[in-house]
Structure formats: structure tokens, C-alpha cells
Amino acid sequence: MTDVASSSRSHASAVPAPNSGAGHRPGRGRPTRSSGHRGDRRGLWAAILLAPNLSVFTVFVIVPALLAFGLSFFEWDLTSDAKWVGLENYLRFLGDERALTSLRLTAILMATTAIPIVFLGFVIAIGVNVPTRWMRVVRTLYFMPIVISFVASAVLWRFLYDPTYGLINTTLSLMGIEGPEWLFSPTWAPAAVAIVVIWLNIPTAVIFYLAALQQIPHERIEAAHLDGAGAWSRARHILWPGVRQQTFFVSVVTTLHVLYQTFDIVSVMTQGGPLRSTEVFIYYLYETAFRSFDIGYASALATVLFICIAALTFLVYRPQLKENE
Amino acid sequence: MQSVRQSRHTGPRKATAAITAALALSLAGCGGNDAEGGSNEPEAGEVPAPEEVTGELTISVFDWQDPVEGQVIEAYDEARPNLEVEYEYVTASEYVQLMLQSQMADDLPDVVATFDLANDTFADSGITQDLTEFLGTDPELSADEFAPTFLANYEVRGGENDGEIHGLPRSADAKVIYYNKALFDEAGVAYPTDDWTWEDLLEISRQLTITEGGSTVQYGFGANYNQPAEWVSKINMFGGALLAEDGTLQLDSPEAMQAWHYWLDPIQEGIFIPPSVQATQGGNLAPFLNGTQAMYSGVRGQVPPIRNSLGTDPADWGVVTWPTTDGERVVGAGSAGIGISATTDNLAAAQDYLRWYYSEDGGMGMLAETYAVMPPLTSLADSAIWRDLPAPPENNDAYLQAIEDGGSYPDIPFNNQAGVRDVVIQAMDEVLINGTSIEDAFTQANIEANDALNDD
């Protein structure tokens, strides 16, 4: 108990409370024995409150993830005994043109959707941050996609993309433009999927940006306005830097969303076609695991996906981590 | 007594049922044990009386069989006063995976839904048990009663279970051609007859295809082109086989090439509805139901939606056999089925259920009454349970002819079937979207498919 308390004390003295400035004033933030006990109790409460969620997370995420990693070294089709194959599944991935193409396609989809999501989310958030009479209605309309399931959205968009009777091509034809065969053209199908992904993710970005914009002191914006800064200048020099942390967060969240949401969208809208032009990595992984029952190889693909996500998250967060240091 | 319980879940709940039953019995103070009630090990060749069938019986059912199969099970439960029946609808698209998981967890239902393409996998994995002895000795249900083509699809080919029967077909689904009489009448085209040829079908399709402003608004014909049964049957019809004796695929054989031309040339000509248009309209059957396609290759199971959409007057639509090609006719065929799990602890009740299920005044009568099931028993070929249903369809002989002409799917391992199908669909897309020649697309497809087969 003493060790824990002393450890807690030394930790408390080493790390200043955020924005308190205590780290610069030795003595004022000095821990007492009672604060050490309070820290213990808070730690205990934290553990108690976290335990249910952590247990569920461990059982349903961490353990299966570890098992999947273990399975990636086996050949197993669910029906016969698993056979140890070492790194063979990983070597197979390196030579699997279909897997590499799907990974490439996923990367392209992430790049082409994450940037518009961040940019449009920011712009729309600025737009709906203006307090006017009808703004609640406008905000509700913008947030609508967030309450619609991915599958329902995909079904809806499939109708919109119908080359003959769909709303999009009908509208285009009124303007004298012959719309493409959206979901049946290897050229247009990836774009069609990307549009749906962007549409689905913009509300999340708007919510975060809106919350961040409302934290920026109004006086600062007003002062810039009085100093002659136009809308573009205010957005560029005050608002955009003011939401930088949200931009990091939105980038990570939307990137992860793109990775997983595309499964539902692709599954309903294109099934990876035409000509595998929309076969994203997660869809290929599913096909490998649950249609071909190639569980070992699919586990290796899942491990590769995990490594990609971890690396991507680290890359996106790295500037912020450095800044915090 | 209404003891039947239904649930909609992704896995059987036999353990829950057992616990519930055990609790119920102990509370009732009877202390009996159904598992030891003498009903588990049936005597070969003996048929128990309805009240002698006791214990619990769990059944898995495909979700697409809702609600008919549930009604059948509930009727069976009514007929067995001392049996507690529980059934569960299981998502068809995840069915094999869920059954394999249930088998590993030792949690299989007593009676399992199955299908021909998964038969060998279910047998080899220890999910289903051999029914050969039961069918050979039972006084009421015999293997000889089933349509041979359909029963053969439940006979294991190769491996340690070679020759064993691990399931029974639920319905004899073989391809016939449905046609929309109103569209024929509008075009002034005579209805097809059972002696027609493929050339006749192509010519009629041309007459029934309507183009307006550069777009086709009505097609002559369509089918489920992605369904292996459709194209494998045509490879067979031209004298080929999808699988060579050495186990390699022959997607590029001369006979296979004839089959690909058979299907794809009319699509390219614009008289058969393309797969892309089917997809936008909600599936391969939808264009026929909504009147943008005059003829459709379908099975008996699709009669209910056709009656719902096109009408219940014999003047609305008709059915005819597939046309012949050079005097030959092989049609796509397949079936969902029913089997007994290898781990059942109430074999007597499971066998009793099969007997009742296939009886004219039991399950088969109820199923046939819905129009959705073509009895797979030759003994019911002339039965009033399906022949005397109000028309349409009128030409019931077309279904019997289709059973005669039904082809079977080659013995491709289950985990490769999706891959082979996928490669064929990609090749079709190459032809229809990229304009690649059929020869080039399917030569390449054959290399890919065999590579995938060798990988596994």
C-alpha cells in the first residue's frame, strides 16, 4: 500500500495538472498523504467503472483479435483440422494480386473520401453555425444520414444510381447530359461508392467541427472582422487553426469509417464488381473467410489490415503527439 | 397442447431448450428424462404411433422459408402430443458458417436444413448423418420414392462417406420458362409450346424486345445468369463437363464455349436482359414481375411471387418447358433439403419428422398447397396436392418434364464453389462490359479458376 501511495505521489508531482501551471511552482502542487489516498480511491473507482466495458472489450475484441493472429499461421477451412503453415499465408498475400489490388483500391478510396469529408464537414459546420431562425431544420437535414443505416443508405443510393430511372441520371438528362452507368461501369462504380461514403461521413465531421467552432471565442472573430478580415481570412486564420485538433480526430475517425463502412456499401451496391473495380480490402477479406472458408488466409489478411490501421492512426496522430510533447 | 416454440436467431438453442425442459420436468415432480425415455434409438423398420414420439426436437430452417416451414412444423407439433418442438429460422447467406460453428460447439439442432451444394461438406464435417439405412428399411419413406436426379445430389461423392445419403430434397426445383401472356398478346406473338426450340425462343425474344429512344424498355427473355445450375446444365447439354476426370475445371472446353455463346450472344444482341439491368431492378426475377421482360427461366418455387405480381387468372401468364437445342435439353436443377444431424439425441423423433414431412397428408401436402414446392417424390407426381391447385400455372407437365431433364452440379469442393462462380461472373462481365471476346475471357477465367482450385 505504501509503495503504491508513494508511487502515486511521485507520479502526481512529476505531471502537472493541465493548464494549472503547478509544474512551474514547486510546493503548491505538492501531494499530501491524503491526496495520495484520494488518488488511490479514484484509481479504484476508475478500475471499477472501466471493468465491465474492459471485460466485454477483452472478450469480444482483444481475445478474438489475438486468436485471429494465431490462426493466420494455420491453414483451416472450418471443416478439417487446422494445419500449421508458418508464414505461408503472409507470403501468399504478397503474391496475391487480387488482395494487393483491393488494398490499393482501399487506399485510393480513403484518400479520395477523407479529404472531401474533412473539407466539406468544415465548410458545412461554418454554414450551420450561424444562428438563424431555420438553422435547426437545416442542421437536422445535414445530420439525417447519420441516423440511416449503412445498408438502407446503400439501397437508397442504388436506386438513385439507376442508369435509366434513377434520380441522378434523370436530372442529368434534363440538363442534356447522358449520365454514366454508375454501378455497372468499372470507371464510375468506385466514384459512386466514394460519393456514398462521403455523404455518410459528412454529418460526423460536421458535429465535431460545429462543437469546436462554438468553442472559439466570438470576440476573436469579431475583432478580426473589425480589423477588416474577410470571410475567407477569418476562416483560414482563425477558424481553421481553431479546429485543428478536431481535424486530426475527424481524419482518423473517417478513415476508419471508410475502411469498415465500405463493406456494407459495397456488399449491397456492387458486391465488389463490376470487374472487381469496387472490391475493397475488407470485402475481399470477408469473401475469403466466409465464402471460401479460407480462415487462415483471411486471418492473415485481417492482421495486415490491423497493421495498416495502426500505422495510419500513428501517422495521422504523430504531429499532435509531437506537439503534446 | 401448443408446445412449439419459434425463434429467429443466428444459431440453434438446443442447450437452452434442454435446460428449460429439465427444469420443467423437475418442477412437475415427474423426474423423467426424455433422453432416456426409450425414444432415442428407434427400431429399424418400425414406425412409432404419434403419441409414442416423445422428448424434444429442434429444427433449423432457412429464413427464406418463412413462414411456410414454420406452419408445417407447428402442424407437426400439433400431431405429436408428447413431443416438444422448437424451430429456428437461420440466415441462409450465413447458414453453412453457422452450422459449422454449431457443430464445433456441439450445439446442432436435431433436424437441419441443408442444400445439395453443401451436402458433402455437411457430411464430411459431421453435421449430417447417413440416412441410407433408414431409407432402406423404413416402411413409409424409401429412397426409391425420390426423383433420382435430386436424391443423387445428396449422395456423397468421394471421401470416407462415399455413397452415403446425407439429406433429402425439399422440392424438385428444375428450370421451366414462365411467360407473360399480356406481353405476347400485345406483340401478336403466339404462346410457346413444349415442343419449341432454342431458335424459336430467340426469335420470339426478338419480337418481344422493344426499344424506345435508344433505350430498351422491354426485353424478350432473362434468367439468373449467375447461377451455376444455369450454365453448367448447358455445358452438359453440349456434351461437355465442367469438371474433367482429373479434377481440373474446363471453362474453356469447346462445349463450354458453346454454352457461353448460348447465354451471352443474345445478351449482346440486346434481346436478353443484361445482368446490370436486372441488378438495378432488384434481382433477376424482378423484370419479369414488373412487366419489362416477357419470359423468364425459373423454378416452381417462384410461382407465388409470379401469381402475386402477374395475376391469378390463367390468361395472365403461363409456363412451358425449356426449348431443345438440336433435340437435346438439359435444364438447371437444384434443391434445398432436409437432413438429420449427426449428433441428434432424439433420432426417433427426427426420423418421425421426416416421415411426416414427406407424407401427402402431412408436410408435403401443406408445402405443395403454397405453390412454392414441387414434391420431389415420384409417388406424388400425379398427386392432387399440387396438380389440382387452381391455375395458373396450367401446364403442370412442364414441371415433371423439367425434373426428367434436370442436370446436376459437379463435385467441386464447397469452399471452391464461390470462387468458381466468381471467376465465371468476372468473365461474363469482361465480355459484356469490356467487350472482350468470349474465347479470351473464358480461357483466362479457366486459368484463374484452376489456380484457385490448386491453391486450396
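In the hairpin of β8(B) and β9(B), where two residues lie between the strands, B:G213 adopts a positive phi near 55 degrees; this and everything that follows describes a predicted model. The two strands of the hairpin, β8 (residues 210-212) and β9 (residues 215-222) of chain B, pair in the antiparallel sense over three bridges, and within this pairing B:E212 stands opposite B:S215 of β9(B).

The hairpin belongs to an open sheet of five strands in chain B, arranged in the order β8-β9-β10-β7-β11 with mixed pairing. Its edge strands, each of which pairs on one side only, are β8 and β11 (317-320) of chain B. Averaged over the sheet and with direction ignored, neighbouring strands are turned by 25 degrees against each other. Three of the pairings are set out below.

| Strands of chain B | Sense | Bridges |
|---|---|---|
| β8 (residues 210-212) and β9 (residues 215-222) | antiparallel | three |
| β9 and β10 (residues 293-298) | parallel | three |
| β7 (residues 176-180) and β10 | antiparallel | four |

Individual residues can be placed in these pairings: B:G222 stands opposite B:Y296 in β10(B), while the bridge partner of B:V176 in β10(B) is B:G298. Helix α8 (residues 198-208) of chain B packs on the sheet, where it touches β7, β8, β9 and β10 of chain B, and the direction of α8 makes about 155 degrees with that of β9(B). Helix α13 (residues 303-310) of chain B also packs on the sheet, touching β7 and β11 of chain B, with its direction at about 150 degrees to that of β11(B).

Turning to the interface, 19 residues of chain A are in contact with 22 residues of chain B. The area buried between chain A and chain B is about 2100 Å², and carbon and sulfur atoms give 56% of this area. On the side of chain A, the residues that lose the most area to chain B are A:F184, A:L275 and A:R291, which together account for 29% of what that side buries.

Between chain A and chain B there are three salt bridges, and the count of residue pairs in polar contact, both at pLDDT 80 or more, is two. A salt bridge is formed by A:R276 with B:D422, whose closest N and O atoms are 3.0 Å apart. The residues on the side of chain A that touches chain B divide into 10 nonpolar, two polar and seven charged.

Key. Residues are numbered from 1 along each chain as its sequence is written. Chains are lettered from A and ligands numbered from 1 in the order in which they are written. This is a predicted model: local features need pLDDT of at least 70, side-chain atom pairs count only at pLDDT 80 or more; totals for chains, interfaces and linings use all residues. Side-chain values use heavy atoms; hydrogens and water are left out. Contact means heavy atoms within 4.5 Å. Buried area is the accessible area (1.4 Å probe) that two parts lose on being put together, summed over both. A salt bridge is a side-chain nitrogen of Lys or Arg within 4 Å of a carboxyl oxygen of Asp or Glu. A polar contact is a pair of N or O atoms within 3.5 Å; within protein, one must be able to donate a hydrogen and the other to accept it, and residues adjacent in sequence count only if both atoms are side-chain atoms. Ala, Val, Leu, Ile, Met, Phe, Trp, Tyr, Cys and Pro count as nonpolar, Asp, Glu, Lys and Arg as charged, and the others, Gly among them, as polar. Two strands pair if DSSP finds at least two bridges between them. Axes are lines fitted to C-alpha atoms, for helices over the stretch in contact, and angles run from 0 to 180 degrees between N-to-C directions.
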